[in-house]
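User: I would like to learn how to read the place where two chains meet, and then the salt bridges found there. Could you take me through it step by step?

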Amino acid sequence: MIGAAPIAATFFDGQTAQRHPVLVSVTSDGSGLILDLQTGVAPWLWPLTRLRALGDQAVVNALTLTLQSDSDDESPRDPARLVITDPDLMAWVRLSAPQLAKRDVRRGTATKIITRLALAVASIGVIVFVILPRMSDFLADRMPLETEVKFGRAVVSQMKYLLGAGKSGTLACNNPAGEAALNRMASRLMDGQELKYAISFSVLDHEMVNAFAAPGGQIIILRGLLDTSDTAEEVAAVLAHEIGHVEARDPTRLMLRAAGSAGIVSIVLGDVTGGSVIGIIGDQMLQTSYTRKAEAAADEFGLAMLQAAKVDSAAFADFFDKLSGLEDGFVPPEYLSSHPSTSARAARARDFAAAQTGTTPILTDAEWQALKGICKG
Amino acid sequence: MSLNSSGNTRYSGQSTPIFKLAFVTGLLTVLTAGIYRFWAKTRMRKYIWSSVSIDGDSFEYTGTGLEKLLGFLVAIVFLAVYLGGIQLLLTFAGLGIMGQPDNELAILASVYLSFFAVAPFMLFAVYRSRRYKLARTRLRGIRFGMESAAWGYALRAMGHYILTFLTLGILLPRQSFYLEKFMTDRSHYGDARFEQGGRWQSLYGAMKHVFIGLGMMVLGGVLAIAVPILGAIIGVIGYFWFFVGFAYYRVHSYAYLTNHKTLGGQVTFVATPSAGEILKIVILGGIAVGLAGGIAFAILGGLFAASFSGMGMGAGPSPLAIAPLIIGYLLILVALGALAIVMVTQPVIAHLVNHLHVNNTEALAGIRQRAADSGADADGFADALDVGGAI
């Protein structure tokens, strides 16, 4: 037990860098330490309940003590320090001071953390979901056509890479008869239409049921879409829909937004130059998450285009039905799967088809078979 | 506590406790998906700071993990907004990270543009980080501190970097000197100010091995025309000499700059570090950590292969079977990080501290406390941008 004899220690008053020799003794009731500087000033009393020791210290043969106190410091502690080296006193303090290792936090700290966290999440949310889309819309409408086309080429080669092409181009399907059929379908759809973009179609050899529009007018069809379609009209309907996206500059908007989001993701993940984020953009493109409004507009555009070309839009409805069938089955549909309410869109296409008259097949049977075989040889 | 005033600085940190601390905090960081890193950093600093003493008085690190987390949240919002906008505009200009992949120049330009967009913030973060560290450092209960001048630093640093780049590195000593002077002249201990004296031209002495290495590379290149093998040998030696020369420059420029600092016009410093000793620590320590890592990963790989060899040609490894592998991998990574601190970081710090002497420590007694610094972003920018080094 600590006797009445005062023990020599070192005291720093927190006001000057002077080292003060101090005599430390325990109060008679054992509830605190008496610090006597022996300079004539009355001794200080440090109550055990407010005593704190510095944590994670390298020095094992000394104990640095401080006092819990409402100060301006980063922690609510008194700036003064008491360094004791007497083993008995160190042991007694460790045993007797109840909250020696307590980490005091100021009142309202939890609120502060929650507020900051909410603020951080909210502002990043606002950036990603409000400001970036608006900026993308604004910039997409002002992007020079050649930049958009260049941009589209980059997107397409990125896409090919993601779909598993070692070098860009190796996935391309170019059976001459199939290409001729595809060209016939394209001219049937687009002849007489006033389009802002020079639209080009190409087919990639991949089993995914998908088609997507890249910025600048390139529309990519994946072989899976041709395999799943029963009629040429189904394919034509999807292409007309994609042309609608191109004309509305939807892919460009999406890409700009993805690039901006990638900048944000890169900082949150700590990848400043953004190298690993390119994959995220490509992935987002494959998911083609346009807004519902953009989808509905592209649907309307596609239906109008089918009407002008005298192509039966019932095929569009068939395609949607097939998709919802796939949704029930074991194969998750990739194309249009993230698009809004497939059945509602099928109903809309069917209504539209009911009013159509004088439609003719878009391709002959032979041409349709040729198109289906575009990836062969 | 000894009451002498010899001005000796000492590093007293030990290998076992710091390894334990680094391993445990590293593990907690992994388990909390990185969130604990603010507390991990704080606890490591507390240990290292408390290991350094002058005349027996230990330094104290008073930073908190909480303030680092809060600072990080602020920094990340700021940077996210900034970088999101920059990327969007770069993309609009046809560059950005979605730039035309078959145009090398555009890719290069976009990477550099992204980098230059962030560079001012990185330099800003360098100054802020040092300011935060000083603001959370105490000796004898008295705070260190630094004036707020991070943007001024970033601006000057960019100027110096460009100048050094344009002069092919010849003005590197000038850059080192003025950037250190900028920070030192704004640093305080209590109410006493640090001051950086000396001349930048004097740092050329520390550059000598860099120049020797460069000279040998040039000589090797010239010789290679006549005697290819001799030229190649001299060139390769020059190449290594050049890199060792850089280490020598860092150590000796630190020593020169430290020896010409004064505190409050009265306290001076004598640094006598040995570049050879430090190189030895870094190289041997690096080899040891590398070997340990190689062996640990080899054992893990062997165990993994053995556990799957008996499973036949079934379906691929199940997630349950891979879990021990991932856990083992993470454990090894954390242990290697802790080992690097024990084998490299701590010995280098110990060497620097043990070869530092403070003259006239009696004058410290007259220094008075300075006001608390809120710490602003508390390393948040440095953390978000990954600048600031080992500790």
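User: How is the area buried between chain B and chain A to be read, and what is it here?

Analyst: The size of an interface is often given as the accessible area lost when the parts come together. Buried area is the accessible area, taken with a 1.4 Å probe, that two parts lose on being put together, summed over both. In this predicted model, where local features need pLDDT of at least 70, side-chain atom pairs count only at pLDDT 80 or more, and totals for chains, interfaces and linings use all residues, about 5300 Å² is buried between chain B and chain A, with 67% of that area coming from carbon and sulfur atoms. Residues are numbered from 1 along each chain as its sequence is written, chains are lettered from A and ligands numbered from 1 in the order in which they are written, and side-chain values use heavy atoms, leaving out hydrogens and water.

User: How many residues of chain B are in contact with chain A?

Analyst: Counting as contact any heavy atoms within 4.5 Å, 62 residues of chain B touch 62 residues of chain A.

User: How many salt bridges are there between chain B and chain A, and which residues does one of them join?

Analyst: A salt bridge is a side-chain nitrogen of Lys or Arg within 4 Å of a carboxyl oxygen of Asp or Glu. Between chain B and chain A the count is 7, while the structure holds 30 over all chains. One of those between the chains pairs B:R136 with A:E74, whose closest N and O atoms are 3.4 Å apart. B:R136 lies in the loop between α4 and β4 (137-139) of chain B and A:E74 in the loop between β6 (63-67) and β7 (81-84) of chain A, so the pair joins two chains; helices (H or I, at least four residues) and strands (E, at least two) are DSSP runs, numbered from the N terminus.

User: Are B:R136 and A:E74 buried or exposed?

Analyst: Buried means under 20% relative accessible area, exposed over 50%, and partly exposed in between, with a 1.4 Å probe and protein chains only. B:R136 counts as buried at 1% relative accessibility, and A:E74 counts as buried at 14%.

User: Which parts does the salt bridge of B:E180 and B:K261 link?

Analyst: Their closest N and O atoms are 3.0 Å apart, and the pair links distant parts of the chain, with B:E180 in helix α6 (residues 172-184) and B:K261 in strand β8 (residues 261-263) of chain B, 81 residues apart.
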